[in-house]
Amino acid sequence: MSANDMDELQAVAEVVGDERISASARDGFDSLLLQALRSSLIPADTSAEISVSEDAADLTDQKMVVLTISSYLFRLMVMFHFRPDAGTRAHFARLTRAAAGEMDYQALLDAIAECGNLCCGIFNRELGRYFPHLGMSTPNVIDTRCVAYLQKLNCAHVRHFAIDLPEVPRLHVSLAVCAYDRLDFAVAAGEAGDATGELELF
């Protein structure tokens, strides 16, 4: 099989994947993840702007923490990209109530994994309103360059978000959804903004 044939098959697979998830379901996944991000990565007394980043080339960070939520109908991955700089350390130290001056690289990884676990726990709980039998992975640390190969998984929906907070380097979070069947659900107005309750960090 030639390289052109492979490219054509990949293009067909991506089109099929895109048809498996409705526009309403895409919006639903995005809305529920945004709510989870605001509940886990942004302090209650801090304003933040979350925008969609169309170009994955913006993701120049060295590492990312990845968690997976799976059901019989789909598997989704949430990827938290980061640089181990002073601003990022201070932000996650604040979120996890740790001393920024004592946060070495391993402590930073643990803090990001903890916040990612909290975020995906909220996301998983809200998705449970629409899909039964959900399972969530533990956090895994991988190289951010793996993002370039997401479409090799025939993802039906990929979205990259940029989070801007005062005095904190821009954070990036990616969502990738692989659909095993056609997905169509709608998050009613106000549902994504409902109080999700606070989960205690230990």
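Student: How many residues of the protein chain, as a percentage, count as buried?

Tutor: Burial is read from relative accessible area, where buried means under 20%, exposed over 50% and partly exposed in between, with a 1.4 Å probe and protein chains only. Of the 202 residues of the protein chain, 43% count as buried. Keep in mind that this is a predicted model, in which local features need pLDDT of at least 70 and side-chain atom pairs count only at pLDDT 80 or more, whereas totals for chains, interfaces and linings use all residues. Residues are numbered from 1 along each chain as its sequence is written, and side-chain values use heavy atoms, with hydrogens and water left out.

Student: Which helices and strands does the protein chain have, and in what pattern do they follow along the sequence?

Tutor: Helices (H or I, at least four residues) and strands (E, at least two) are taken as DSSP runs and numbered from the N terminus. On that basis the protein chain has four helices and seven strands, and reading along the sequence gives the pattern α-α-β-β-β-α-α-β-β-β-β.

Student: What share of the contacts joins residues at least 24 apart?

Tutor: A contact means heavy atoms within 4.5 Å. Among contacts in the protein chain between residues at least 6 apart in sequence, 72% join residues at least 24 apart.

Student: Taking helix α2, what span should its residues cover, and what is the distance between its ends?

Tutor: The expected span of a helix is 1.5 Å times one less than its number of residues. Because α2 has 18 residues, it should span 26 Å at 1.5 Å a residue, and its end C-alpha atoms are indeed 26 Å apart, which agrees.

Student: Which residues of α2 are buried, and what do they pack against?

Tutor: The buried residues of α2 are A25, G28, F29, D30, L32, L33, Q35, A36, L37 and S40. They pack against the strands β1 (49-53), β3 (74-82), β6 (157-165) and β7 (168-179), and also against the helices α3 (86-95) and α4 (105-127).

Student: Could we compare two residues of α2, and where do D27 and L32 stand, buried or exposed?

Tutor: D27 lies in helix α2, which runs over residues 23-40, and it counts as partly exposed because its relative accessible area is 46%. L32 is also found in helix α2, but it is buried, with a relative accessible area of 3%. Each of them has a partner distant in sequence: D27 and F185 are 158 residues apart in sequence and 9.2 Å apart in space, C-alpha to C-alpha, while the C-alpha atoms of L32 and N124, which are 92 residues apart along the chain, are separated by 9.1 Å.

Student: At what angle do α2 and α4 cross, and how is that angle to be named?

Tutor: Axes are lines fitted to C-alpha atoms, for helices over the stretch in contact, and angles run from 0 to 180 degrees between N-to-C directions. Angles under 35 degrees count as roughly parallel, over 145 as roughly antiparallel, 65 to 115 as roughly perpendicular, and the rest as oblique. The axes of α2 and α4 come within 8 Å and cross at roughly 140°, and the two helices are therefore oblique to each other. A crossing is right-handed if the near helix is turned clockwise from the far one by less than a right angle, and left-handed if anticlockwise; α2 passes α4 in a right-handed crossing.

Student: Which residues make that contact of α2 with α4, and of what class are they?

Tutor: F29, L32, L33, A36, L37, S39 and S40 in α2 meet C115, L118, C119, I122, F123, E126 and L127 in α4. By class, this contact has eleven nonpolar, two polar and one charged residues, where Ala, Val, Leu, Ile, Met, Phe, Trp, Tyr, Cys and Pro count as nonpolar, Asp, Glu, Lys and Arg as charged, and the others, Gly among them, as polar.

Student: How do α3 and α4 pack?

Tutor: α3 and α4 pack at an angle of about 55°, with their axes 9 Å apart, and they are therefore oblique to each other. The crossing of α3 and α4 is left-handed. The contact is made by T88, R89, F92 and L95 of α3 together with Y105, L108, A111, I112 and C115 of α4, and its residues divide into seven nonpolar, one polar and one charged.

Student: Which residues take a positive phi without being glycine?

Tutor: Among them are R97, whose phi is near 60°, and N154, whose phi is about 55°. R97 is in the loop between α3 and α4 and counts as exposed at 63% relative accessibility. N154 is in the loop between β5 (140-143) and β6 and is partly exposed, with a relative accessible area of 25%.
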